[in-house]
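Notebook open, new two-chain job on the desk. I want to go through folds, cores, holes and cysteines in that order.

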Amino acid sequence: MMQTDHLITLLANDTRLGRAVWPGVVFAALGPILVTGSVLLTVLGFRPDFASAVTSPVTVWKWVLPLVLMAVGMSLALALSRPESHPQKRWRVIVILAAIAAGLFAISAGMQPPAQWIAAIKGKTLLLCVSSITGIGLTGLLGGLVVLRRGASTRPGLSGFALGLGSGGAATILYAMHCGSNEPMFFVTWYGSAILAVSLTGSILGRQLLKI
Amino acid sequence: MTESRDDWADLLRAANRGDTAAYARFLAALAPVMRGMVRAQAGGIDAGLREDILQEILLTIHLKRHTWAEDRPVRPWVYAITRFKIIDALRRNGRDTSLPVEDFANILPAEAEADPFERRDTDRMLDQLDDRSRNILRAVAYEGTKLADLGSRFDLSEGAARVALHRALGKLSALRRKEQ
């Protein structure tokens, strides 16, 4: 019969320490995204006006928002891999990012007649946009989850969600280099939906894979 | 309790640097406190099952001890894992799972109680392991075999024996999670 004292003897003899989550999770998540994203950019090409788009006050948000999302999402996933952490402040940053995106959407909606809204949201590349960001993001999510299993999250669903936000953000940075849309009603809606799809997948998978 | 709680951090720090004696003391100091917590929070469950929960907590703390950052207090880290595992166990048993954190503040340590059903999950789990993992765990747990001797007994280098023991514990933990 295995007594608790026996178990303690067992544990005390095992001197091997688990491996740290940092920095492996960042490489495991961003590596696949960089590879698949580069393939996509090689096949589809950069938008011709890339240089002016990254400096325009409207389209620059296509990179600023996902860049901050990537950083904060990854940092949240890392923080949550410690069982006792409560990274509330960083969740607030996510809320602010969502608010800025909603603001861009609203301003653009206010600047055109309602009759054009549907067309503005639909754009021309909806399917390519959603499938690319989701697909690229998922490769990072899966890679990151493997390493995140080394951690000890007491909120595994939330950990997966945060990793999904970070991966979705990273995928968006690369896809936005191709995507020629300058319409916030389009990119807020579909970039946002794709990132959310990756995050919700992360939340579901996290609950299964990250449980301690 | 021979160690005050404030020593836990020192013991675990030494343990994470390979001091097995400090680690054995850490676990021995931890177990009665954890047992008291499980009894306080899962009192309606029979003593044997509670001891199973305690063993799961200890195994998890062991396998995840690298997630404690040494510059942070050790108690919130221990309690967070303990709380998670107790809630998880209660949920499996279909009980109320609202556990206020403060309830852990003043828990009396508890000694192991005799198990009237002579039933241990860990034993059942051992049977599901592959032969070598099971034999290694039994040799260390019941016969007090040291790592150096483990190697010669199972025809392994000491390093390989070390890895085999670690993997066997990982498998044990994975089996437990799969059962849930």
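My entries on this model follow.

**Ground rules.** This is a predicted model, so I kept local features to pLDDT of at least 70 and side-chain atom pairs to pLDDT 80 or more, with totals for chains, interfaces and linings using all residues. Residues count from 1 along each chain as its sequence is written, chains are lettered from A and ligands numbered from 1 in the order written, and side-chain values use heavy atoms, with hydrogens and water left out.

**Chains.** I looked up secondary structure, taken as DSSP runs numbered from the N terminus (helices H or I, at least four residues; strands E, at least two). Chain A has 9 helices and 0 strands, and chain B has 8 helices and 0 strands. I put a principal-axis box around the C-alpha atoms of chain A and got roughly 75 × 35 × 25 Å.

Next I checked burial (buried is under 20% relative accessible area, exposed over 50%, partly exposed in between; 1.4 Å probe, protein chains only). In chain A, 52% of the 212 residues are buried; in chain B, 53% of the 180 residues are.

For contacts I used heavy atoms within 4.5 Å. Among contacts with a separation of 6 or more, pairs 24 or more positions apart make up 85% in chain A and 64% in chain B.

**Cores.** I searched for nonpolar cores, meaning sets of buried Ala, Val, Leu, Ile, Met, Phe, Trp, Tyr and Cys residues joined through side-chain atoms within 4.5 Å. The largest has 61 residues, and W8(B), F26(B), M34(B), L58(B), I61(B), V78(B) and L137(B) have the most contacts inside it. Helix α2 of chain B (residues 20–41) gives the most to this core, with 11 residues. A second, separate core has 52 residues, including W63(A), L97(A), V147(A) and F161(A).

What is L58(B) in contact with, leaving aside neighbours within four places in sequence? I found T4(A), L7(A), I8(A) and L11(A) from chain A, plus L27(B), L30(B) and A31(B).

**Pocket and cavities.** I ran a 1 Å grid over the protein atoms alone: a cavity is a set of points where a 1.4 Å probe fits but cannot get out, a pocket is an open set with protein on both sides within 12 Å along at least five of seven lines, and lining residues have an atom within 4 Å of a point. Grid points are joined across faces, edges and corners, and a volume is the space filled by probe spheres set on them.

The largest pocket comes out at about 680 Å³. It has 22 lining residues, and R149(A), L63(B), K64(B), H166(B) and G170(B) are the closest to its centre. Helix α8(B) gives the most to this lining, with 7 residues. I sorted the lining into 7 nonpolar, 6 polar and 9 charged, with Ala, Val, Leu, Ile, Met, Phe, Trp, Tyr, Cys and Pro as nonpolar, Asp, Glu, Lys and Arg as charged, and the others, Gly among them, as polar.

I counted 3 cavities of 30 Å³ or more. The second largest cavity is about 50 Å³, and its lining draws on both chains, with D14(A), D19(B) and R65(B) among the residues.

**Cysteines.** How many disulfides (cysteine sulfur pairs within 2.5 Å) does the structure hold? I got 0 over all chains. The sulfur of C129(A) stays unpaired because the closest cysteine sulfur, in C179(A), is 5.7 Å away, too far for a bond. Both are buried, C129(A) at 0% relative accessibility and C179(A) at 2%.

How values were computed: Disulfide = S-S within 2.5 Å.
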